[in-house]
Structure formats: structure tokens, C-alpha cells
Amino acid sequence: MARIKLELPAHVDFETRIRLRIGDINYGGHLGNDAVLSLIHEARVQFLAHLGYTELNVEGHGIILADAAVVYRAEAFYGDELAIKLALDDFNRYGCDFFYGLTELKSGKEVAKAKTNVVFFDYAARRPVDIPAAFLSRLSQSRGETA
Ligand SMILES: CC(C)(COP(=O)(O)OP(=O)(O)OC[C@H]1O[C@@H](n2cnc3c(N)ncnc32)[C@H](O)[C@@H]1OP(=O)(O)O)[C@@H](O)C(=O)NCCC(=O)NCCSC(=O)c1ccc(O)cc1
């Protein structure tokens, strides 16, 4: 099977730092593959909060993950501080891809790259809904603030 290749967008919409907790470490003594999904989840929640949203309420709608891809680039260890850069790209009618770049701060070493396809979702009707226009405006306003 082909190796997954992820090219992160050149822009960054949000950045956070997270120090690895003991629960992120597996029996191999390094950052667990599953813990990466939890770390990017935390980054996504922080990003939405930064825009004034929660995962359950983005302009009145929820979001749902349609896929997830992770490329593990280097080991990370208990106590390492990771920078997680998040960027939105590849928009379509119902959603977009959230990209994540995880690097270890001290060495600058790339630890992982990931992307999740996010679809806006009506949890009552259980179907995808159009990306709220107000969300796109809020995002472009935020991009303007950080440019
Ligand atoms: C992704 C789905 C919502 C797609 O809905 P479906 O009803 O199957 O889509 P359909 O194929 O019928 O297509 C309906 C439309 O959506 C469009 N569609 C479907 N999938 C997609 C994706 N991935 N992108 C864009 N558009 C899509 C599709 O093209 C259709 O468009 P129209 O032709 O214009 O109507 C559905 O497959 C699904 O519910 N999958 C399971 C999702 C899931 O359980 N994810 C893991 C748990 S969620 C989660 O972990 C999490 C959610 C939220 C958080 O904040 C955090 C974590």
C-alpha cells in the first residue's frame, strides 16, 4: 500500500503548545499513535474556542469528522513540549480539511502531520449541512488579524 503523503498548507490559522502528559505515552515509552488524535482534537477545540465556537455549536451547527490521516515522523517523549499548527484548506460545500503540524519545540523536529476532513452536520437531522457563511467570515476575519 502506498505511504500516506500529507502536504501541510503554507499558512497557519492557529497555533498552540501542549506538553506531553504521562497518559500520552504508551508502553513503548514514546508518544502513542492514538494520543496524536487526542492532541489534534485538543488543538481543534482550542482553535474553535479562539473563534468563539464549540464543536457542538459553530453558528448553530455541529461538525463531524469524515476521515483522519496521520503520518508519524519522529518519536516524542514524556515532558516534550509540542507546537501544534493548525490550518484549514480544501474547502467544499459542506466542510474542509483541518491540517495539523506537530513539532517538538526544543529541537524543532517534526513529530507528526495529520489532517481530518470536517463536515458541518445537523445532528438532529443527521445529515451534512452547508458551511455557515458566518463561519467563513469569522475565519477570514481571524486570518486578517494574524496576517
Ligand atoms: C461523513 C458523513 C456525515 C457523510 O454523510 P452522508 O449522509 O453519508 O453523506 P452522503 O454520502 O449521503 O452525501 C450527502 C452529501 O454530503 C456530501 N459529503 C459526504 N461526505 C462528505 C465529505 N467528507 N466532505 C464533503 N462533502 C461530503 C456528499 O457529497 C453529498 O452532497 P450532495 O450530493 O450535495 O447532497 C457520514 O458518512 C457519517 O456520519 N460518517 C460517520 C462520521 C463519524 O462517525 N465520525 C467519527 C465520529 S465524529 C468525531 O470524532 C468528532 C466529531 C466532532 C468533533 O468536534 C470531534 C470529533
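**Getting to know the fold**

User: Hi! What pattern does the protein follow, read along the sequence?
Analyst: Read from start to end, the pattern is β-α-β-β-β-β-β-α. Keep in mind that this is a predicted model.

User: And how many helices and strands is that?
Analyst: The protein has two helices and six strands.

User: What radius of gyration does the protein have, and what would a compact globule have?
Analyst: The protein comes out at 16 Å, and a compact globule of 147 residues would be near 15 Å, so the two agree. Along the principal axes, the C-alpha atoms fill a box of roughly 45 × 35 × 30 Å.

User: How much of it is buried?
Analyst: Of the 147 residues, 42% count as buried. As for the outside, the protein exposes about 8300 Å², and carbon and sulfur atoms supply 52% of that area.

User: Let's go to the strands. How much of S5 is buried?
Analyst: Strand S5 covers residues 110–122, and eleven of its 13 residues are buried, so the strand is mostly covered.

User: Which way does S2 run against S5, parallel or antiparallel?
Analyst: Antiparallel: ten bridges join S5 to strand S2, residues 62–72. One pair to look for is Ala69, whose bridge partner in S5 is Lys115.

User: How many bridges does S4 make with S5?
Analyst: Nine, again in the antiparallel sense, with S4 spanning residues 95–104. In that pairing, Tyr100 stands opposite Ala114 of S5.

User: What sits between S4 and S5 in their hairpin?
Analyst: Five residues lie between the two strands, and Gly108 in this hairpin takes a positive phi near 75°.

User: What about S6, how many bridges join it to S5?
Analyst: Two bridges join S5 to S6, residues 127–128, and the strands run antiparallel. Asp122 has Arg127 in S6 as its bridge partner. S5 and S6 form a hairpin too, with four residues between them.

User: Which residue in that turn has a positive phi?
Analyst: Arg126, at about 55°. Arg126 is a residue other than glycine, and its phi is still positive. You'll find Arg126 in the loop between S5 and S6.

User: Why does Arg126 count as exposed?
Analyst: Its relative accessible area is 57%, and exposed means over 50%.

User: Where is Glu59, and what is its phi?
Analyst: Glu59 sits in the loop between H1 and S2. Its phi is positive, about 55°, although Glu59 is not a glycine. At 37% relative accessibility, Glu59 counts as partly exposed.

User: New topic: which side chains of S1 point to which face?
Analyst: In strand S1, residues 14–19, the side chains of Phe14, Thr16 and Ile18 point to one face and are buried. Glu15, Arg17 and Arg19 point to the other face and are not buried. In a regular strand the side chains alternate between the two faces of the sheet.

User: Which strand does S1 pair with?
Analyst: S1 pairs with S3, residues 81–89, over six bridges in the antiparallel sense. Arg19 of S1 stands opposite Glu81 in S3.

User: Now the helices. Where is Ile40, and what does it touch?
Analyst: Ile40 is in helix H1, residues 33–51. Leaving out residues up to four places away in sequence, Ile40 touches Tyr100, Leu102, Ala114 and Thr116. Tyr100 and Ala114 are the pair we met earlier, standing opposite each other.

User: So is Ile40 buried or exposed?
Analyst: Buried, because its relative accessibility is 1%.

User: How far apart are Ile40 and Asp122?
Analyst: They are 82 residues apart in sequence, and their C-alpha atoms are 23 Å apart in space.

User: And Ser142, which helix is that in?
Analyst: Ser142 is in helix H2, residues 133–146. At 2% relative accessibility, Ser142 counts as buried. Not counting neighbours within four places in sequence, Ser142 is in contact with His50 and Leu51.

User: What share of the contacts links residues 24 or more positions apart?
Analyst: 65% of the contacts with a separation of 6 or more.

User: Last one: how far apart are the mean positions of the charges?
Analyst: The mean positions of the 17 positive and 20 negative charges are 3 Å apart.

How values were computed:
Residues are numbered from 1 along each chain as its sequence is written. This is a predicted model: local features need pLDDT of at least 70, side-chain atom pairs count only at pLDDT 80 or more; totals for chains, interfaces and linings use all residues. Side-chain values use heavy atoms; hydrogens and water are left out. Buried means under 20% relative accessible area, exposed over 50%, partly exposed in between (1.4 Å probe, protein chains only). Two strands pair if DSSP finds at least two bridges between them. The radius of gyration is taken over C-alpha atoms; the globule rule is 2.2 Å times the number of residues to the power 0.38. Contact means heavy atoms within 4.5 Å. Accessible areas come from the Shrake-Rupley method with a 1.4 Å probe; for residues, only the protein chains shown count as cover. Lys and Arg count as positive and Asp and Glu as negative; His and the chain ends are not counted. The place of a charge is taken as NZ of Lys, CZ of Arg, CG of Asp or CD of Glu.
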